[in-house]
Amino acid sequence: MIAFLAGTIADKSTDAVTIDVGGIGYLLSVSTGTLASLGAVGDEALLYTHLHLRENEIALYGFAEPAERTAFLALISVSGIGPKVALAVLSALNPQILANAVTTEDVALLSSVSGIGKKTAQRMILELKGKLGATLGAGDLASSGGAAGANATPTAASALAEAQAALFSMGFAPVEVAEALVGADGEDDTSALLKFALHRLGGGA
């Protein structure tokens, strides 16, 4: 297995990057987050990788962080989700937001991703709940900034769900809501969560 590639960026497109390693160009499919984290053509880069083998296809996938690769592997273990859909999920939701969505059973957020319908979102929750956080590990989640609600108490989880519902009713998109609540770990007061989220949505840090 190819664990990672370190070399020079030879080419970039909207969903892939070519890394020159000792004169050999490796084409890797990547998420939008990983693509955005890379420098320009000619810059040095290191990507963690997954080599996916199928009957008539060999594809290489690249990830800026180990947590993203771990989340990718968890996603493709779900029945009906292949590498392309998994990459689409990670392009819309980073590992911390994905873990939170699974933990809080946020079907609306998961099904907002292109290629993920309500039934697939429910299957993701069923197959990944209780596993995704453990699979990513505390270290991986910490490197991604932590997952709001990933270790929440029942009271905190309830407050989080109420805050999410209130924000949805205000017209905010699921992805906006998820990102706004990242960092609110363990908070068990709905009003405080709303204040926290609205501050971030309004441009505050």
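**Salt bridges, strands and cores in a predicted model**

The side chains of Glu 57 and Arg 54 come together in a salt bridge, with 3.9 Å from N to O; the term stands for a side-chain nitrogen of Lys or Arg within 4 Å of a carboxyl oxygen of Asp or Glu. The model is predicted, so local features need pLDDT of at least 70 and side-chain atom pairs count only at pLDDT 80 or more, while totals for chains, interfaces and linings use all residues. Residues are numbered from 1 along each chain as its sequence is written, and side-chain values use heavy atoms, with hydrogens and water left out.

Side chains of opposite charge can pair when their charged atoms come close. The structure holds two such salt bridges. Glu 57 is partly exposed, at 31% relative accessibility (buried means under 20% relative accessible area, exposed over 50%, and partly exposed in between, with a 1.4 Å probe and protein chains only). The other bridge is formed by Lys 129 and Glu 105, whose closest N and O atoms are 2.5 Å apart. This pair links distant parts of the chain, 24 residues apart: Lys 129 sits in the loop between helix H6 (118-128) and helix H7 (132-143), and Glu 105 in the loop between helix H4 (95-103) and helix H5 (107-110). Here helices (H or I, at least four residues) and strands (E, at least two) are DSSP runs, numbered from the N terminus. Lys 129 is partly exposed at 37% relative accessible area, and Glu 105 is partly exposed at 45%. Glu 105, just after H4, also takes a positive phi of about 55°.

H4 itself is mostly covered, with eight of its nine residues buried; among them are Pro 95, Ile 97, Leu 98 and Val 102. This leads on to the nonpolar cores, each a set of buried Ala, Val, Leu, Ile, Met, Phe, Trp, Tyr and Cys residues joined through side-chain atoms within 4.5 Å. The largest core has 31 residues, and Leu 75, Leu 93, Leu 98, Leu 110 and Met 124 have the most contacts inside it. Two or more residues each come from strand S5 (57-63), helix H2 (66-76), helix H3 (83-92), H4, H5 and H6, and H4 gives the most, with five residues. Which residues does Met 124 touch, not counting those up to four places away in sequence? They are Leu 75, Val 78, Ile 81, Leu 98, Leu 110, Ile 116 and Lys 129, where contact means heavy atoms within 4.5 Å. Apart from the largest core lies another, of twelve residues, including Ala 166, Val 177, Leu 181 and Ala 197.

Now to the strands, which pair if DSSP finds at least two bridges between them. Strand S1 (residues 4-12) and strand S2 (residues 16-21) run antiparallel and are joined by four bridges, with a hairpin of three residues connecting S1 to S2. Asp 11 has Thr 18 in S2 as its bridge partner. S2 is also joined to strand S3 (residues 24-29), again antiparallel, by six bridges, and Asp 20 is partnered with Gly 25 in S3. The hairpin of S2 and S3 has two residues between the strands, and Gly 22 in its turn has a positive phi of about 60°.

Ser 31 follows in the loop between S3 and helix H1 (32-37). Is Ser 31 buried or exposed? Ser 31 counts as buried, because its relative accessibility is 1%. Leaving aside neighbours within four places in sequence, Ser 31 is in contact with Glu 68, Leu 87, Leu 90 and Ser 91.
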